[in-house]
Each structure stands twice: as structure tokens, then as C-alpha cells.
There are 2 protein chains.
Amino acid sequence: MNSPYNKKDNESLSDDIVWHNATVTHADRESLKQQKSVVLWFTGLSGSGKSTVANAVESKLLSLGKFSYLLDGDNVRHGLNKDLGFSDQDRIENIRRIGEVAKLFVDSGSIVLTAFISPFISDRQQVRELLQPQQFLEVFIDTPIEVCEQRDPKGLYKKARAGEIKHFTGIDSEYQAPVSPEIHVKTAEFSVEQCAEQIVAQLEQRGYLKLSAV
Amino acid sequence: MNSPYNKKDNESLSDDIVWHNATVTHADRESLKQQKSVVLWFTGLSGSGKSTVANAVESKLLSLGKFSYLLDGDNVRHGLNKDLGFSDQDRIENIRRIGEVAKLFVDSGSIVLTAFISPFISDRQQVRELLQPQQFLEVFIDTPIEVCEQRDPKGLYKKARAGEIKHFTGIDSEYQAPVSPEIHVKTAEFSVEQCAEQIVAQLEQRGYLKLSAV
């Protein structure tokens with residue numbers, strides 16, 4: 001599979017591009033890892049189970065000796081994106097940067113999982129377009145809002161209903177469900193373990209967990 | 001080695017933190033990769049050989065079966081940081097984001113190399129402070145400016161001397177050399193191959209290429 005970086009379209013800003021030859025390629029890195037790199041872009045409501053299922057998938061991939069990394073609120077919002085707030089503009093920039101970092105991890109040969117609500121189709125589409133067609137799989141964590149609100153692990157729905165949080169996805173801000181996600185997961189009907197198994201099975205069927213052509 | 005993310009100091013913004021338990025740890029990822037993750041932060045003048053030597057190091061690490069990734073102008077300036085220009089503020093933000101991305105790669109268990117001029121001590125120090133003490137090695141690519149200017153692979157020094165480029169590091173903008181870099185490399189005295197060997201030897205001596213305690 002090609003590198004997600006299409007260098008021929010880019011004018012290089014590297015300060016010594018003429019002198020250096022990139023000796024390690026994306027193919028080398030995939031070969032070392034014995035897998036095809038891809039972004040598993042989880043999307044779903046707050047409380048839908050994105051992080052939980054993503055963690056369970058990572059655990060399964062680890063046990064298979066596969067190399068993955070999970071980008072989520074814990075490691076992105078307090079670090080790379082700590083300068084961003086929750087305005088529309090900042091939310092778009094938040095997803096853009098996560099997409100670019102996911103692309104770097106794909107270039108490194110990893111399977112990268114992202115767990116963010118990412119409510120807007122246009123933002124998710126922009127990330128998809130950053131990557132080669134087979135390097136982006138949309139994973140719709142499809143949990144009815146009633147179930148999410150019942151779980152309400154951090155009491156956010158309660159606060160949103162009370163008007164203490166504004167622009168809360170699913171309450172007073174839109175969630176645009178994926179139209180044709182590559183992977184569709186229903187956490188209200190299956191256990192976390194089963195959901196993770198379904199996703200890993202998809203990765204296997206689609207050929208990402210070995211090096212032969214996807 | 002600990003995760004660079006010190007979660008206890010962070011109030012989590014993840015939307016389902018209570019429900020999920022992070023099952024795959026930084027130690028798991030290092031164990032799978034059989035190495036200790038670290039940032040090799042290359043710094044030096046334009047034309048000093050940062051990218052060239054970093055590429056040669058990556059190539060050697062690949063042949064040793066070690067997992068690395070190189071962040072440089074090619075994959076960062078056109079992607080994650082394409083919204084940034086060359087003002088002082090944007091240069092600082094450029095290095096900050098690269099540091100945060102390097103931290104994510106360290107968390108994933110990788111050896112990450114960065115090849116940016118990064119002329120200011122304070123910016124490099126800020127990146128160092130993002131990481132655990134043994135997860136940051138400053139690599140000073142120490143090439144006399146006369147040699148860099150003679151190489152001038154992209155004709156940038158010529159343009160800077162002619163006043164066509166302003167604020168060019170080493171000409172009309174300061175380069176603050178590292179005071180006590182962990183690794184000191186002289187490309188005017190050794191071949192690219194020898195420089196790369198010196199760096200890999202340092203990684204071996206310091207215990208990064210195996211899993212026993214660093």
C-alpha cells in the first residue's frame with residue numbers, strides 16, 4: 001500500500017531535501033510490523049461506547065501481536081489540542097489535527113484507532129480524504145441516545161438536560177450518523193467483548209492483519 | 001518506563017471515562033516492540049544534515065528490527081502544521097505541536113526522530129519537559145555554518161545572503177546551540193554512515209534497543 005503522503009504534489013519545505021534520500025519507506029514499516037496500516041475512525045454519541053470498544057479492540061490486537069495506538073480525549077485534548085476550545089471553528093480544527101496525526105501513525109505502519117464523537121459528516125469526510133481509500137474505515141458505534149443517556153457515565157446528559165451544558169451532541173447539537181460506515185457496531189445488543197470481536201473479524205476479513213494485498 | 005501521560009494530573013475530557021478501562025498500557029506496547037521508546041530530537045542549522053543523518057539512523061534501526069518514525073518538514077509542514085506560517089508565534093506553535101506528536105509516538109512505544117532546525121533553547125526545553133526524563137535525547141547536528149553554506153542544497157543561504165529570505169537561521173536569525181546535548185554529531189568530520197552509527201551506538205549503550213531497564 002502506498003504512503004498516505006503523496007510527495008509529488010507537495011513542494012518540500014524540508015531544509016535539506018536535495019541532500020537526503022528517504023531510505024525507510026512506508027512499505028518497510030508495514031513489512032516490519034507484518035500488517036496493513038489503517039485508521040479505525042470510531043464515531044458515535046457521548047456514552048455510546050467508543051473508547052470502551054476501542055480499548056477492547058486494542059487489547060485483542062495486542063494479543064495477536066499487532067501494533068496499534070488509540071487517540072482519544074485523554075491523550076489529545078490535554079496535549080496537542082489543549083489550545084482549542086469548543087467553538088465550531090475549534091471543533092473543526094480539533095478533528096482536522098486528529099486526522100493529520102492519524103495519518104502520521106498510518107505512515108508509520110500502525111493501526112490507529114480514534115475515539116471522538118466527531119458528529120459532522122463533513123469533518124469525517126475530510127479526514128477520509130487525507131488518506132488512501134483503503135486506509136480509512138469508519139466505525140459507527142450505533143447506540144440509541146436513550147441507552148447513552150441511561151449510562152450517562154459522567155452525568156453529562158443530566159447537565160445538558162438541565163441546560164448547564166450547551167451545544168451537547170444529541171440534545172441541542174446535531175449528531176450526523178454515518179451513511180455507509182465500513183463497520184457498524186451496536187453496543188446495546190452485544191457485549192463490549194462481542195463488539196470488539198466483530199471489529200477485529202472485519203480487519204481480518206479485509207486483510208489488514210497480514211501483509212498480502214488488501 | 002512510565003507512560004509520558006501522567007493521567008492523575010489531568011482532568012479527563014473523554015466522554016466515557018468512567019465506563020472504560022484502558023487495557024493496553026505503554027508498557028504493553030514497548031514489550032510488543034521489544035524496545036524503550038524515546039524521542040531523538042535532532043537540532044542544527046539548515047543544511048547541517050539533520051534529515052540525512054536521521055534517515056540513515058532509521059534505516060539502521062529498521063535493519064535491527066526496531067520500530068521508528070521520522071517527523072520532518074515533509075510530513076508535518078504540509079499536514080498537521082499547514083495552517084502555520086513563519087512568525088515567531090507560529091514557529092513556537094510549530095515546535096509545540098511536533099513535541100506533542102512526538103509524545104504520542106513515544107506513548108505508542110516507538111523511537112521517534114524529529115528533524116527540525118528548532119533554533120531556540122526554550123522551545124527544545126519545552127518539548128523535553130513534556131516527556132519523562134529518559135524519553136528525550138537531544139541530538140546536536142553540529143556542522144559549521146561555513147560547511148552548511150557551502151552545501152546549500154536548496155540555495156537558501158544564497159537567497160538569505162541576497163536578502164531574498166528574511167529571518168534565516170544563522171544569517172539574520174539566531175541559532176542557539178544546545179548546551180549539553182545527549183548526543184553530539186559532527187557531520188563535517190564523519191560520513192553520514194559514521195554519524196548514524198554513532199547515534200545507534202548511543203541508543204544501544206543507553207539501553208533503548210532492548211527491554212531491560214534503561
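What is the volume of the largest cavity? About 50 Å³. Keep that in mind as you explore this model, which is predicted.

**Stop 1: the largest cavity**

Rolling a probe the size of a water molecule over the atoms shows where empty space is left. In this structure there are two cavities of 30 Å³ or more. To find the largest one, select A:Glu58, A:Leu62, A:Lys66, A:Phe67 and A:Ser68 in chain A, then add B:Val24, B:Arg29, B:Leu32, B:Lys33 and B:Ser108 from chain B. Now color the elements that give two or more residues to this lining: α2 of chain A and α1 (26-33) of chain B. The element that gives the most is α1(B), with three residues. You could also color the lining by class, which shows four nonpolar, two polar and four charged residues.

**Stop 2: the second largest cavity**

Next, go to the second largest cavity, with about 40 Å³ of space. Select A:Val24, A:Arg29, A:Leu32 and A:Lys33, together with B:Glu58, B:Leu62, B:Lys66, B:Phe67 and B:Ser68. Here the elements that give two or more residues to the lining are α1 (26-33) of chain A and α2 (50-63) of chain B. Which element supplies the largest share of this lining? That is α1(A), with three residues. By class, you will find four nonpolar residues, one polar and four charged.

**Stop 3: an annotated stretch of chain A**

Now select A:Gly44, A:Leu45, A:Ser46, A:Gly47, A:Ser48, A:Gly49, A:Lys50 and A:Ser51. An unreviewed UniProt entry gives these residues the annotation "binding site". Zoom in on A:Leu45, in the loop between β1 (38-43) and α2 (50-63) of chain A. Is A:Leu45 buried or exposed? With a relative accessible area of 10%, A:Leu45 is buried, because buried means under 20%. Move on to A:Ser46, which lies in the loop between β1 and α2 of chain A. Its relative accessibility is 3%, so A:Ser46 counts as buried too.

**Stop 4: two cysteines**

For the last stop, select A:Cys148 and look at its surroundings. This residue has 0% relative accessibility, so it counts as buried. Then select A:Cys195, which counts as buried because its relative accessibility is 0%. While you are looking at cysteines, how many disulfides are there over all chains? The count comes to zero.

Conventions:
Residues are numbered from 1 along each chain as its sequence is written. Chains are lettered from A and ligands numbered from 1 in the order in which they are written. This is a predicted model: local features need pLDDT of at least 70, side-chain atom pairs count only at pLDDT 80 or more; totals for chains, interfaces and linings use all residues. Side-chain values use heavy atoms; hydrogens and water are left out. A disulfide is a pair of cysteine sulfur atoms within 2.5 Å. Buried means under 20% relative accessible area, exposed over 50%, partly exposed in between (1.4 Å probe, protein chains only). UniProt positions are given in the numbering used here, feature names are shortened, and annotations may be inferred rather than shown by experiment. Helices (H or I, at least four residues) and strands (E, at least two) are DSSP runs, numbered from the N terminus. On a 1 Å grid over the protein atoms alone, a cavity is a set of points where a 1.4 Å probe fits but cannot get out, and a pocket is an open set with protein on both sides within 12 Å along at least five of seven lines; lining residues have an atom within 4 Å of a point. Grid points are joined across faces, edges and corners, and a volume is the space filled by probe spheres set on the points. Ala, Val, Leu, Ile, Met, Phe, Trp, Tyr, Cys and Pro count as nonpolar, Asp, Glu, Lys and Arg as charged, and the others, Gly among them, as polar.
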